Amino acid sequence: MSTDTGGRRQGLRIAFAVAASFTTAVAQGEVIPFLGAVFATQFLMASRRPMGVPQGIGFVAVIVLAGYGFMLLTSILGNRPTPYLLMLGLIYFACFLAQLNRRGGPAPGLILIIGVAAPLLGVLDRDLGASVVVILGKAAANGVLFAWLAHVAFPDQESADSRPLPPQHIHRQATRIAFANTVILLVIFAFCVADDDLSTAVVLPLTVVSLLGQIDLVTSPRAAAGLVIVNLLGGIVASISFTILRLWPELFWLFLIVLTVGLIFGGLAAANVTTGKLYAGALITFLILFGLGVSPLPGSSAEAFSTRIAYVLAAVVYTILMAAVLWPARPDLGSAEVRHPVST
């Protein structure tokens, strides 16, 4: 019973954090309003325990330093594609390897998001009205703050409920899988980095980053179809939500819309450790697409929504096919119970 209660409270935390973070960012006129909510989702999915103050400050510092590092790398090697992509590939590889070996908590996933977003944000640096590092720092502080407030609003009633989420399987061929993931991400990044239209280009690599954290759930054609449907659903819900918001363009309705979607996807993510990453990924897809719709970035309006949803579908199909080709065959993929043990 305590496990069920803990899952429900965790779902409430995720929904509250993303709704409050997103609405606050929009109210403050942030050009990338979804970043803080994405960071909050990552923090809350990593553990059911609230972060300590030093840990929260450390994550903000990591995000700011990573953003500065990626922007510096872009300014130095941006005009030299081969060494630039090689350096990015080394960073991506280290992050994927750390994820597969369960090291660094949410930090590797956050660095991957920044490693995709920062260079693409740099393309439109003149139109952002603020430096990329400042945008990332504010988003990181936003995500940490509302992850904390979510724990204050929905505290654990029993100490058992605050234990960390059950550990996931360490892949036996982590190095080869990390290399394959790096190739998958680099190919799509190279395709998008030359596109000045951030409002559409950013959807592809960010979706691929999210999917690479879910792809190990694919053990059959049926599971692959489920991955496509759930992530595409995040895009469709974003489109419907944006249409509703255009009818009532007020912060109250914005908060209510994101809260409702957060309760659905966040609740499903917190309820089941096996499929949690899948629904968390769908929530992130929703946040990215919906956030780009309400963002003041050039071209981030309603006419691009159908294109972005098509990009999500393309990213899902691309990631599944590339993983099928590049990932090594693993005998341990036959059972989700083996890969995702659940404590009893």
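**Figure 1. Overall view of the predicted model.** Among contacts between residues at least 6 apart in sequence, 80% join residues at least 24 apart. The secondary structure of this predicted model comes to 15 helices and zero strands. The protein has 344 residues, of which 52% count as buried. Its accessible surface comes to about 14700 Å², and carbon and sulfur atoms account for 67% of that area.

**Figure 2. The largest nonpolar core, with Leu 185 in close-up.** This core holds 101 residues. The members that touch the most other members are Phe 34, Phe 39, Leu 185, Leu 287 and Phe 290. Helix α13, residues 276-294, gives the most to the core, contributing eleven residues. Leaving aside residues up to four places away in sequence, Leu 185 touches two aromatic residues, Tyr 92 and Phe 96. Under the same exclusion, its other contacts are Leu 112, Val 116, Pro 205, Val 208, Val 209 and Leu 212.

**Figure 3. Helix α2, residues 35-46.** The helix has twelve residues, and at 1.5 Å a residue these should span 16 Å. The C-alpha atoms at its ends are 17 Å apart, which agrees with that expectation. Ten of the twelve residues are buried, so α2 is largely enclosed by the rest of the structure. The buried residues are Leu 35, Gly 36, Ala 37, Val 38, Phe 39, Ala 40, Thr 41, Phe 43, Leu 44 and Met 45. Of these, Phe 39 is also one of the residues that touch the most other members of the largest nonpolar core.

**Figure 4. The salt bridge between Lys 138 and Glu 30.** A search of the whole structure finds one salt bridge. It is formed by Lys 138 and Glu 30, whose closest N and O atoms are 2.7 Å apart. The pair links distant parts of the chain, with the two positions 108 residues apart in numbering. Lys 138 belongs to helix α7 (residues 132-153), while Glu 30 sits in the loop between α1 (2-27) and α2. The two partners differ in accessibility class: Lys 138 counts as partly exposed because its relative accessibility is 44%, whereas Glu 30, with a relative accessible area of 14%, is buried. The cut-off for buried is under 20%, so the value for Glu 30 falls within that class.

**Figure 5. Gln 10 and its surroundings.** Gln 10 is found in helix α1 and, at 1% relative accessibility, counts as buried. Its side chain reaches the backbone oxygen of Leu 44 at 2.5 Å. Leu 44 is itself one of the buried residues of α2. Not counting residues up to four places away in sequence, Gln 10 touches Leu 44, Met 45, Ser 47, Arg 48, His 151 and Ala 270. Met 45 is another of the buried residues of α2.

**Figure 6. Ala 140 in helix α7.** The relative accessibility of Ala 140 is 0%, so this residue counts as buried. Ala 140 touches Phe 39, Phe 43, Val 60 and Ile 63, with residues up to four places away in sequence not counted. Phe 39 and Phe 43 are both buried residues of α2. The C-alpha atoms of Ala 140 and Phe 59 are separated by 7.6 Å, although the two residues are 81 apart along the chain.

**Figure 7. Ala 190 in helix α8 and Leu 268 in helix α12.** Helix α8 covers residues 174-193, and helix α12 covers residues 251-271. Ala 190 counts as partly exposed at 32% relative accessibility. Ala 190 and Leu 85 are 105 residues apart in sequence, and their C-alpha atoms are 7.7 Å apart in space. Leu 268 also counts as partly exposed, at 38% relative accessibility. Its C-alpha atom is separated by 8.2 Å from that of Ala 280, twelve residues away along the chain.

**Figure 8. The loop residue Arg 102.** Arg 102 is found in the loop between α4 (81-100) and α5 (107-123). The phi angle of Arg 102 is positive, at about 55°, although this residue is not a glycine. With a relative accessible area of 46%, Arg 102 is partly exposed.

Note on methods
Residues numbered from 1 in each chain as written. Predicted model: local features only at pLDDT ≥ 70, side-chain atom pairs only at ≥ 80, totals over all residues. Heavy atoms only, no water. Core = buried A, V, L, I, M, F, W, Y, C linked by side-chain atoms within 4.5 Å. Buried < 20%, exposed > 50% of the residue type's maximum accessible area, 1.4 Å probe, protein only. Helix = DSSP H or I, 4+ residues; strand = E, 2+ residues; numbered from the N terminus. Contact = heavy atoms within 4.5 Å. Expected span 1.5 Å × (residues − 1). Areas by Shrake-Rupley, 256 points an atom, 1.4 Å probe, with all protein chains shown as cover. Salt bridge = Lys/Arg side-chain N within 4 Å of Asp/Glu carboxyl O. Polar contact = N/O pair within 3.5 Å; in protein donor to acceptor, adjacent residues only side chain to side chain.
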